Amino acid sequence: MNLKKFLKAALCGAMVVAMAVTAGCGGSDKKADSGKKVLKVGMECAYAPYNWSQPSADGGAVKIAGSNEYAYGYDVMIAKKLADSMGADLEIHKIEWDGLAPAVVSGKIDAAIAGMSITSKRKESVDFTKPYYYATVVALVKKDSPQAQAKSVADLKGSVATSQLNTIWYDQIDQVPDVKKLPAIDNVPGMIVALKSGKCNLIVTDIPTAKAAAFANPDLTMVTFPEDKGFKTSKEDVEIGIAIKKGNKELADAMNKVLSGMTEADFNKIMDEAIKKQPLAK
C-alpha cells in the first residue's frame, strides 16, 4: 500500500470511529456545540397558546433553527422540561401542521410537540407518548352573536362554521344541526381572522386555543357546555400527545418518565402561564 492509499484508508477509519462515538441515544444523533446530544422538536410556531414565534428570547423562548425568530408557548415549556431531563439541548424546528408527522417519520425531527391529538389514524404512522395535555372541545364565537348565548351544541343550529385543517375539531362541526361547514383553515390565526371578519360565526376548537383567542381578542368569547349538551368526543379526541418515530422506545420511555410525574393540574398551570405570555396578550 502506497502512502496516498494508506492516508486515505486511515482517514476513512477515523470517520467511522467518529460516527460511532457521536451516535446519540434517544434524541438526535446531532451534537450541540456544548457536546450534549440535541433533541430536535417540531411545531408550527403559530398555534398559540401551544406554540408561537416572537422576535426575541424574552421569557425563556428558544431560537427557531434556521431563523432569527424564537419559539415559545406551552409546547416549548414542556419541550424544555423534557430536554433538561434527558441532558439534551433543545432545537426547535418550525414546520407546517401537515408536515409534522412526515418530519417525524423521516427523522428530520425527533418529536412533534404541537398540540396533536392521539388518534388511531395518526398512530398508523407515528408512536405517541403519554398525554401531556387534555383538551376539551368548545365553541369560539363573537361576544355579540346569537351563538354566544348557546346553552348546548343544539343551540348552535344553522351556524356557519369552520376549524383547522386535519384536526379532530373540524370533524366535530358535523354535530351542529343544519350547520354550514366551510373549508378547513390552515392555522389558528387564519381561523380567528375568519371569525372576526364575519366569514363564519363559529369556530370549533379546544379550550386552550379558545381561551387564548378570547384573552387576546376582547370581542371574542369561549362557549362551554355541560357534558351531556356539549360536543361528543372520544378519549383520543381530547388526549394530546407527543409524536415520535415508530419503535423509538428509548425516547418514549425518557419522555414518559417525566410526563408520568406530572398531573393534569400541573399541565393546566403551565397552560395558564402560556396563555398569559402569548404575544397578543400584551
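**Exercise 1. Work out how open Asn166 is to its surroundings in this predicted model, and say what its backbone is doing.**

Step 1. Start with the number: Asn166 has a relative accessibility of 43%.

Step 2. Now bring in the cut-offs: buried means under 20%, and exposed means over 50%. Asn166 sits in between, so it counts as partly exposed.

Step 3. Find its place in the chain. Asn166 is in the loop between β12 and α4.

Step 4. Check the backbone angle. The phi of Asn166 is positive, about 60 degrees, although this residue is not a glycine. That deserves a second look, because most residues other than glycine have a negative phi.

**Exercise 2. Which loop holds Asp178, and is Asp178 buried or exposed?**

Step 1. Go past α4: Asp178 is found in the loop between α4 and β13 (180–181).

Step 2. Compare its relative accessible area, 56%, with the cut-off for exposed, which is over 50%. Asp178 is therefore exposed.

Step 3. Look at phi as well. Asp178 has a positive value of about 50 degrees, and it isn't a glycine.

**Exercise 3. Where is the cis peptide bond that involves Pro49?**

Step 1. Look at the bond joining Ala48 and Pro49: omega is about 10 degrees there, and the bond is cis.

Step 2. Put it on the map. Pro49 lies in the loop between β3 (46–47) and β4 (51–54).

Step 3. Keep the background in mind: most peptide bonds are trans.

**Exercise 4. Find which residues line the largest pocket, and where that pocket lies relative to the two domains.**

Step 1. Get the volume: the largest pocket holds about 430 Å³ of space.

Step 2. List the lining. There are 16 lining residues, and those nearest the centre are Trp97, Thr119, Lys121, Arg122 and Asn166. So Asn166 from Exercise 1 turns up again, as one of the residues nearest the pocket centre.

Step 3. Sort the lining by class: 7 residues are nonpolar, 4 are polar and 5 are charged.

Step 4. Ask which helices take part. Both α3 (97–106) and α4 supply at least two lining residues, and α3 gives the most, with 5.

Step 5. Finish with the domains. Domain 1 (38–134 + 236–277) and domain 2 (137–232) both give residues to the lining, so the pocket lies between them.

**Exercise 5. How many cavities of 30 Å³ or more are there, and what surrounds the largest cavity?**

Step 1. Count them: there is 1 cavity of 30 Å³ or more.

Step 2. Take its volume and its walls. The largest cavity has about 70 Å³ of space. It is lined by 13 residues, with Gly115, Ser117, Thr167, Ile168 and Trp169 closest to the centre.

Step 3. Sort the lining: 7 nonpolar, 3 polar and 3 charged residues.

Step 4. Spot the elements. β8 (111–117) and α4 (168–172) each bring at least two residues to this lining, and β8 gives the most, with 3.

Step 5. Check the domains: domain 1 and domain 2 each provide at least three lining residues.

**Exercise 6. Explain why the buried residues of helix α8 line one face, then do the same job for α5.**

Step 1. Get the shape of α8. This helix runs over residues 249–260, so 12 residues, and spans 15 Å from first C-alpha to last, close to the expected 16 Å.

Step 2. Pick out its buried residues: Leu251, Ala252, Met255, Asn256 and Leu259.

Step 3. Look down the axis. The buried residues of α8 fall within an arc of 125 degrees, so they line one face of the helix. Lys249 and Lys257 are exposed on the other side.

Step 4. Move to α5 (residues 188–197), where Val188, Met191, Ile192, Ala194 and Leu195 are buried. They cover an arc of only 160 degrees around the axis, which puts them on the same side of α5.

Step 5. Turn α5 around: the face away from its buried side carries the exposed residues Val193 and Ser197.

**Exercise 7. How far apart in sequence and in space are Ile244 and Thr129?**

Step 1. Place Ile244: it belongs to strand β16 (residues 239–244), and at 1% relative accessibility it is buried.

Step 2. Compare the two distances. Ile244 and Thr129 are 115 residues apart in sequence, and their C-alpha atoms are 7.7 Å apart in space.

Notes:
Residues numbered from 1 in each chain as written. Predicted model: local features only at pLDDT ≥ 70, side-chain atom pairs only at ≥ 80, totals over all residues. Heavy atoms only, no water. 1 Å grid on protein atoms, 1.4 Å probe; cavity = no way out; pocket = protein on both sides within 12 Å on 5 of 7 lines; lining within 4 Å. Points joined across faces, edges and corners; volume = space filled by probe spheres on them. Helix = DSSP H or I, 4+ residues; strand = E, 2+ residues; numbered from the N terminus. Nonpolar A, V, L, I, M, F, W, Y, C, P; charged D, E, K, R; others polar. Domains from an automatic or database assignment. Expected span 1.5 Å × (residues − 1). Buried < 20%, exposed > 50% of the residue type's maximum accessible area, 1.4 Å probe, protein only. Arc of directions from axis to C-beta.
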